[in-house]
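This report examines selected backbone features of one protein chain and the sheet to which several of them relate. Please view the sequence and the structure before reading on.

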Amino acid sequence: MHTCPLCCRDFNSQKGLVAHTEAKHGKANVHVLTQAWENSRGQSNIMTTGNRAEDVGQIYLDEDACYDYDSQTWDCPQCYREFNSFRALEQHVNSGAHSAKSYRCDDCNKEFSSLTALMGHCESTRCVYANNIVHTLANDYERGPQLMLTNGSTYTEATLEFDGSAKPNPGNGGAGYVLYDGSGSVLESTSVEIIDGYITSNQAEYAALVWGMECAVRYNIKSLLVKGDSELVIGQMNGDKNVNSERIKPMYKQANYLEESSFRRVRYEHIYRGENSAADQLANEGSNCYADEQKHLSEAKY
């Protein structure tokens, strides 16, 4: 269930919660809060346009004035679209079809007059990156309109699990990563064959970390938990181990650059191999040349 933090009403879906919030608590208020949320993350206008949302209330029409006796339809006085019933025309003019477009899909740039319409679009299309940012906003709203602007230290938007493989070591390199959203659903999982040859397992581990973090950036994630079974990589990213190898320094620098430039918060956690089976399988697919993608190691370097 999804609960409105303002009136405690429950809904079966986040889209239902958002529709309720705009209708009950004001589209203008939701738009102002969305803009403040974007700014707090350094993502201004990732969902909103320069147009302000307005609460226009119910629009009433004169049925006789809208009826066209020649076509026997009810016509919209603004766009002249024809409808077979007056009720359908009323639904059209009150749907926001002629309201200012206050929201925008960051994937396809299509514009919408309400956050509910944007969410419906994202859920029914392949605009996966925009879909994730819209649902991240809704998740934060459920935590509370005030708390959602603070990015509390315990809140994690997504979890990245990564692993690398080299067969033999050094040899054929493979990288794998799985990105999960805050509810544990898979956003993306990818296996990569590193096609340079003579790759060490540590190089493959770092490549998987960098490419996984880049994937999280594409999903507009700002708070990330990273899990891996490499004590070396996790220890170095946490600052507990020195980085001495010239082979991995460029990728270590790239991972640090991504952390500092693209995220508000990244935590690194060491896990055992048995807890990292999904990423491990993807990394093995890469080193066995059955990967989703092929990349050069240079694509993971600073």
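Pro 170 is located in the loop that lies between β8 and β9. In this model, which is predicted, the peptide bond that joins Asn 169 and Pro 170 is cis, with omega at about 0 degrees. The loop between β8 and β9 also holds Pro 168, and the bond leading from Lys 167 to Pro 168 is likewise cis, its omega being near -15 degrees. Most peptide bonds, by contrast, are trans.

The strands on either side of this loop are β8, covering residues 158-167, and β9, covering residues 171-181; they run antiparallel and are joined by ten bridges. For example, Glu 161 has Val 178 in β9 as its bridge partner. In general, the strands of a sheet pair through backbone hydrogen bonds, in either a parallel or an antiparallel manner.

Both strands belong to an open sheet of six strands, in which the order is β12-β11-β8-β9-β10-β13 and the pairing is mixed. The edges are formed by β12 (265-270) and β13 (293-295); each has a single partner strand, and therefore one side of each remains without a neighbour in the sheet. On average, neighbouring strands of this sheet are turned by 25 degrees against each other, direction ignored. Helix α10, made up of residues 277-287, packs on the sheet and touches β8, β9 and β10 (186-199). The direction of α10 makes about 145 degrees with that of β9.

A further backbone feature concerns the angle phi. Most residues other than glycine have a negative phi. The following table lists two residues with positive values.

| Residue | Phi | Location | Relative accessibility |
|---|---|---|---|
| Asn 45 | near 65 degrees | loop between α2 (27-40) and α3 (63-66) | 38% |
| Tyr 198 | about 55 degrees | strand β10 | 57% |

Is each of these residues buried, partly exposed or exposed? Asn 45 counts as partly exposed because its relative accessibility is 38%, a value in between the limits of 20% and 50%. Tyr 198 has a relative accessible area of 57% and is therefore exposed, since this class requires a value over 50%. Tyr 198 is found in strand β10, and β10 is one of the strands touched by helix α10. Asn 45 instead lies in the loop between α2 and α3.

Terms used
Residues numbered from 1 in each chain as written. Predicted model: local features only at pLDDT ≥ 70, side-chain atom pairs only at ≥ 80, totals over all residues. Heavy atoms only, no water. Pairing = 2+ DSSP bridges. Helix = DSSP H or I, 4+ residues; strand = E, 2+ residues; numbered from the N terminus. Axes fitted to C-alpha atoms, helices over the stretch in contact; angles between N-to-C directions. Contact = heavy atoms within 4.5 Å. Buried < 20%, exposed > 50% of the residue type's maximum accessible area, 1.4 Å probe, protein only.
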